[in-house]
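Q: I'd like a close look at one part of this protein, with its surroundings laid out step by step. Could you walk me through it?

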Amino acid sequence: MRTSQFPLSTVKETPADAEIASHQLMIRAGLIRKLAAGLYTWLPLGLRVLRKVEKIVREEMEKAGALELLMPALQPAELWQETGRWQQYGPELARLKDRHERDFCLGPTHEEIITDFARNELRSYKQLPITYYQIQTKFRDEIRPRFGVMRSREFIMKDAYSFHADQESLTETYQLMHQAYSNIFNRLGLKFRAVVADSGSIGGAVSHEFHVLADSGEDAIAFSTGSEYAANVESATALFKEQILVPAHEKFAKVATPTQKTIAEVSEFLNVPVSKVLKTIAIVRIQRDDEGNENEVFYNLFLRGDHELNEIKTRKIIGDFRFATEEEIIANHGCVPGFIGPVLDANYPCLFDLSVKYLSDFVCGANQEGFHLRGCNWASDEHTKVFYQKALAKQSFYDLRNVVEGDLSPDGQGTLTLARGIEVGHIFQLGTKYSASMNAAIINEAGKNQIMIMGCYGIGISRVVAAAIEQNHDEHGLLWSNSLAPFQVVICPMNMHKSERLKEATEQLYQDLLAAGVDVLLDDRKVRAGFMFSDMELIGIPHRLVISDKGLDAQTIEYRARTDSESVDLPLAGIVDFIKTKLV
């Protein structure tokens with residue numbers, strides 16, 4: 001391709017609303033343009049990158065035996081009502097009515113559609129297992145679209161769905177897809193981790209997320225220093241070294257803390273470590289009956305001051321909840337937030353994180369405004385001793401917190417390290433969540449009707465592009481891998497319009513590279529060398545060849561990789577073979 005036929009749309013200024021590097025650089029390099037909040041047009045340069053992601057995804061999905069189809073983006077409400085998600089999904093589901101006042105939505109995902117397809121097309125266990133996939137535009141009405149295509153309302157996704165007669169078959173396909181995803185991200189040249197994850201609104205018992213490692217990632221992931229264990233922080237099991245209750249070293253006392261409400265303020269004021277301050281979190285559990293009526297129960301949760309509550313883990317233990325209001329805290333503790341702590345005769349449930357089980361000489365709220373208790377010990381002082389014994393009797397100790405750096409790895413090998421990641425893929429073992437509610441069944445080997453077991457597997461195609469940029473860029477622009485770059489090589493002739501022999505040599509080199517199967521861009525613009533080089537660094541072409549009259553005299557060509565700091569002169573005669581070795 002020539003720049004005279006493929007105009008570049010680079011811009012110098014960084015858009016004011018672009019907060020992260022990928023958003024800034026995708027605009028500046030001419031990959032995308034904003035239409036409205038969360039809606040983007042992909043320009044020719046960006047579309048080339050997008051199509052390269054799709055190509056690799058298709059190749060690996062087909063190697064895994066998946067069959068490509070294409071389902072409608074517009075989906076009838078009736079199918080979503082069968083699974084209950086029409087009511088449950090919330091405002092992210094873009095709903096609309098057609099001219100006949102029938103309800104539809106723009107598909108954010110396709111579990112209902114593929115299940116309806118399967119129940120009409122699959123009849124016998126002999127047709128299973130089978131996996132279908134598509135690459136298609138999805139729509140989610142994000143409350144706050146941001147970060148360019150990283151969190152947009154319209155995006156391109158690869159979603160696959162598998163159908164099985166038994167759990168063993170699902171497990172085999174799940175492992176096959178796990179390997180296919182690893183192959184995809186390796187081929188894309190990305191540093192990534194597959195982590196144990198929560199299934200969220202999609203559902204299912206087992207799921208893994210695939211994260212591209214990047215400092216700007218929204219998700220925190222934990223992985224072991226001694227094994228392959230990795231998990232989203234929301235799902236990682238928090239372990240602690242087994243301990244024993246130790247005798248008190250500090251005298252129990254009630255101390256004034258006039259304005260100290262936060263953990264940090266109390267820790268500094270009383271000169272005790274944050275880990276020795278007991279954090280009390282008041283919540284209200286929400287229970288709903290079959291008619292949808294709500295019953296609310298006040299709870300206290302207790303964690304170490306240096307730990308954070310993991311809401312997902314907690315919801316798995318007690319169900320849905322919200323944080324208590326100031327009025328509810330006053331009614332149950334007799335004081336304002338910031339001073340609450342254990343209540344000996346509490347008539348509401350209390351849950352303890354495992355890490356507080358062996359705390360000693362700790363500080364907690366006194367349930368009186370302006371006061372805390374210090375020198376608290378589960379084994380000695382009467383204020384907390386009875387409270388602790390009740391908790392032990394009720395087995396009220398759970399894993400309630402997020403893991404932290406240095407925690408023991410749940411698999412017993414090494415300790416945990418934390419990193420930031422961008423989720424680009426997610427695979428689920430769905431089980432019968434959708435097939436049961438939609439009666440998607442086959443005739444099994446015994447001749448009986450049997451509900452199919454399902455798996456689903458998604459990759460954010462457009463998000464992969466942004467994630468790759470977050471992981472690979474510098475102060476000059478993009479740093480594409482060979483497999484992702486819109487063009488692998490750029491030829492930059494110096495003043496070609498002034499030299500006929502240079503024009504002929506450039507054209508010959510261009511044709512030779514094309515014949516060798518190289519994805520090459522010829523910059524035939526009449527622009528200064530500095531401007532040309534700056535553009536090519538911005539759009540991130542991995543390999544640059546500079547051809548000039550001086551080089552022709554010496555029968556050399558100047559080569560520079562995008563990640564190199566210096567150029568080198570190479571023999572012109574062997575340059576095509578050299579480039580081919582660089583693209584392997």
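In which loop does Asn367 lie? Please start there and work outwards.

A: Happy to. Keep in mind throughout that this is a predicted model. Asn367 lies in the loop between β18 and β19. Its phi is near 55°, a positive value in a residue other than glycine. At 16% relative accessibility, Asn367 counts as buried, because the cut-off for that class is under 20%.

The two strands on either side of this loop lead us to a helix. β18 (362-365) and β19 (371-376) are among the elements that cover the buried residues of α7, and β13 (253-256) and β14 are included in that cover as well. The buried residues in α7 are Ile263, Val266, Ser267 and Leu270. They span an arc of only 100° around the axis, so they sit on the same side of α7. The general rule behind such a pattern is that an α-helix has 3.6 residues a turn, so residues three or four places apart point the same way. On the face of α7 turned away from the buried side, we find the exposed residues Ala264 and Glu268. Just after the helix, Asn271 takes a positive phi of about 55°.

Now for the space beside these elements. The second largest pocket holds about 310 Å³. It is lined by 20 residues, and those closest to its centre are Lys261, Thr280, Gly338, Phe339 and Ile340. Three elements give two or more residues to this lining: α7 (263-270), β14 (278-288) and β18. β14 gives the most, with five residues. By residue class, the lining of the second largest pocket divides into 13 nonpolar, five polar and two charged. So that you can place the links yourself: α7, β14 and β18 each give at least two residues to the pocket lining, while β14 and β18 are also among the elements covering the buried residues of α7.

From the pocket, Gly338 offers a way to a distant point in the model. Gly338 and Gln450 are 112 residues apart in sequence and 55 Å apart in space, C-alpha to C-alpha. Gln450 is found in strand β23 (residues 449-451), and it is partly exposed, with a relative accessible area of 21%. Leaving aside neighbours within four places in sequence, Gln450 is in contact with Ala165, Ala440, Ala441, Ile442 and Asn444.

One more asparagine makes a useful companion to the residue you started from. Asn439 has a phi near 55°, again a positive value in a residue other than glycine. Asn439 has its place in the loop between α11 (433-437) and β22 (441-443). Asn439 is exposed, with a relative accessible area of 51%, whereas Asn367 at 16% counts as buried.

To bring you back to the start: Asn367 belongs to the loop between β18 and β19, and both of those strands are included in what covers the buried residues of α7. β18 also gives two or more residues to the lining of the second largest pocket.

Notes. Residues are numbered from 1 along each chain as its sequence is written. This is a predicted model: local features need pLDDT of at least 70, side-chain atom pairs count only at pLDDT 80 or more; totals for chains, interfaces and linings use all residues. Side-chain values use heavy atoms; hydrogens and water are left out. On a 1 Å grid over the protein atoms alone, a cavity is a set of points where a 1.4 Å probe fits but cannot get out, and a pocket is an open set with protein on both sides within 12 Å along at least five of seven lines; lining residues have an atom within 4 Å of a point. Grid points are joined across faces, edges and corners, and a volume is the space filled by probe spheres set on the points. Helices (H or I, at least four residues) and strands (E, at least two) are DSSP runs, numbered from the N terminus. Ala, Val, Leu, Ile, Met, Phe, Trp, Tyr, Cys and Pro count as nonpolar, Asp, Glu, Lys and Arg as charged, and the others, Gly among them, as polar. Buried means under 20% relative accessible area, exposed over 50%, partly exposed in between (1.4 Å probe, protein chains only). The arc is that of the directions from the helix axis to the C-beta atoms. Contact means heavy atoms within 4.5 Å.
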